[in-house]
Structures are given as structure tokens and as C-alpha cells.
Amino acid sequence: RVNEFTDEQTAAKLTGDSSSTVRRLSVQLLEDLHAKDTVASVMTLAQSDADVNVRIAACHALGVFRDSSAQATLQNIAQNDASTLVRDAATIALRRL
């Protein structure tokens, strides 16, 4: 059935794909699945992925997860990321925690 994908493990594995588009879409899928057990890997992407769009998606997902363990990471990103868009996404995510 369409829209009934629930395999969090497969989606989580795709966060390490060589394609930034695949990484971004996998983070968005994890967000849709409310896969809170993937917070650590999403935090890593938010902090260090080379692609701005992946970092933005990861920050957004962390806000949706509302997991307080992401607070320090999001604060660091909001203050120090090279991209204004990523800093803004982190600031918005912090408000959701």
C-alpha cells in the first residue's frame, strides 16, 4: 500500500547514503515516522553533513521529535553553523523542544 512505509531501520541506514538527496529524504521520512530512536544519527547529520539542505531537514526533524537531548546540539548549530538558513532552522527547532 502507498504511504504505509514503516521500516525505520531501512530509512535510518539511508542517512549514510552518498547522495545528499537520499540523505535529506531519509531524514524527512524518519521525521514523518516520528522515529525518535534515531535522534542521535539525525543530530550527527544536523551538525556535520556537507549539504545545507540535509542539515536543515535534520534540524527540522529534531524539532518535530521534541527530544530534549538535542537541545545542546541545536543551540550549537543555531550559534555556529556557516549557513544562516541552518542557523534559523535550528533556532526554530529549539522553540519546539
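Leaving aside neighbours within four places in sequence, which residues is Ser-26 in contact with?

1. **Ser-26.** The contacts are Ala-11, Leu-14 and Thr-15, once neighbours within four places in sequence are set aside. Ser-26 lies in helix α2. Its relative accessible area is 3%. Buried means under 20%, so Ser-26 counts as buried. Note that this is a predicted model.

2. **Overall make-up.** The protein chain has six helices and zero strands. Along the sequence the pattern reads α-α-α-α-α-α. Of the 97 residues, 37% count as buried.

3. **Dimensions.** The C-alpha trace spans about 40 × 25 × 20 Å along its principal axes. A compact globule with 97 residues would have a radius of gyration near 13 Å. The protein chain has 12 Å, which agrees with that expectation.

4. **Contact range.** Take the contacts between residues at least 6 apart in sequence. Of these, 55% join residues at least 24 apart. The helix pairs below can be read with that in mind.

5. **α2 against α4.** Helix α2 covers residues 20-32, and helix α4 covers residues 52-65. They pack at an angle of about 10 degrees. Their axes are 9 Å apart. Angles under 35 degrees count as roughly parallel, so α2 and α4 are roughly parallel to each other.

6. **Who meets whom in α2 and α4.** The α2 side consists of Ser-20, Arg-23, Arg-24, Val-27, Gln-28, Leu-30 and Glu-31. These meet Asn-53, Val-54, Ala-57, Ala-58, His-60, Ala-61, Val-64 and Phe-65 in α4. The residues of this contact divide into eight nonpolar, four polar and three charged.

7. **Ser-20.** This α2 residue is one of those that meet α4. Is Ser-20 buried or partly exposed? Its relative accessible area is 25%, and buried requires under 20%, so Ser-20 is partly exposed. Ser-20 touches Asp-51 and Val-54, not counting residues up to four places away in sequence. The C-alpha atoms of Ser-20 and Asn-53 are separated by 8.1 Å. Along the chain, that pair is 33 residues apart.

8. **α4 against α6.** At what angle do α4 and α6 pack? The angle is about 5 degrees, with the axes 7 Å apart. That makes α4 roughly parallel to α6. From α4, the contact uses Val-52, Arg-55, Ile-56, Cys-59, His-60, Gly-63 and Val-64. From α6, it uses Leu-85, Val-86, Ala-89, Ala-90, Ala-93 and Arg-96. These residues divide into nine nonpolar, two polar and two charged.

9. **Residues listed in both contacts.** His-60 of α4 appears in the contact with α2 and in the contact with α6. Val-64 of α4 likewise appears in the contact with α2 and in the contact with α6.

10. **Ser-83.** Where is Ser-83 found? Ser-83 is in the loop between α5 (71-80) and α6 (84-96). Its relative accessible area is 12%; the limit for buried is under 20%, so this loop residue is buried. Its side chain reaches the backbone nitrogen of Leu-85 at 3.2 Å. Leu-85 is one of the α6 residues in the contact with α4. Not counting residues up to four places away in sequence, Ser-83 touches Val-52 and Arg-55. Val-52 and Arg-55 are among the α4 residues in the contact with α6.

Key: Residues are numbered from 1 along each chain as its sequence is written. This is a predicted model: local features need pLDDT of at least 70, side-chain atom pairs count only at pLDDT 80 or more; totals for chains, interfaces and linings use all residues. Side-chain values use heavy atoms; hydrogens and water are left out. Axes are lines fitted to C-alpha atoms, for helices over the stretch in contact, and angles run from 0 to 180 degrees between N-to-C directions. Helices (H or I, at least four residues) and strands (E, at least two) are DSSP runs, numbered from the N terminus. Angles under 35 degrees count as roughly parallel, over 145 as roughly antiparallel, 65 to 115 as roughly perpendicular and the rest as oblique. Contact means heavy atoms within 4.5 Å. Ala, Val, Leu, Ile, Met, Phe, Trp, Tyr, Cys and Pro count as nonpolar, Asp, Glu, Lys and Arg as charged, and the others, Gly among them, as polar. Buried means under 20% relative accessible area, exposed over 50%, partly exposed in between (1.4 Å probe, protein chains only). A polar contact is a pair of N or O atoms within 3.5 Å; within protein, one must be able to donate a hydrogen and the other to accept it, and residues adjacent in sequence count only if both atoms are side-chain atoms. The radius of gyration is taken over C-alpha atoms; the globule rule is 2.2 Å times the number of residues to the power 0.38.
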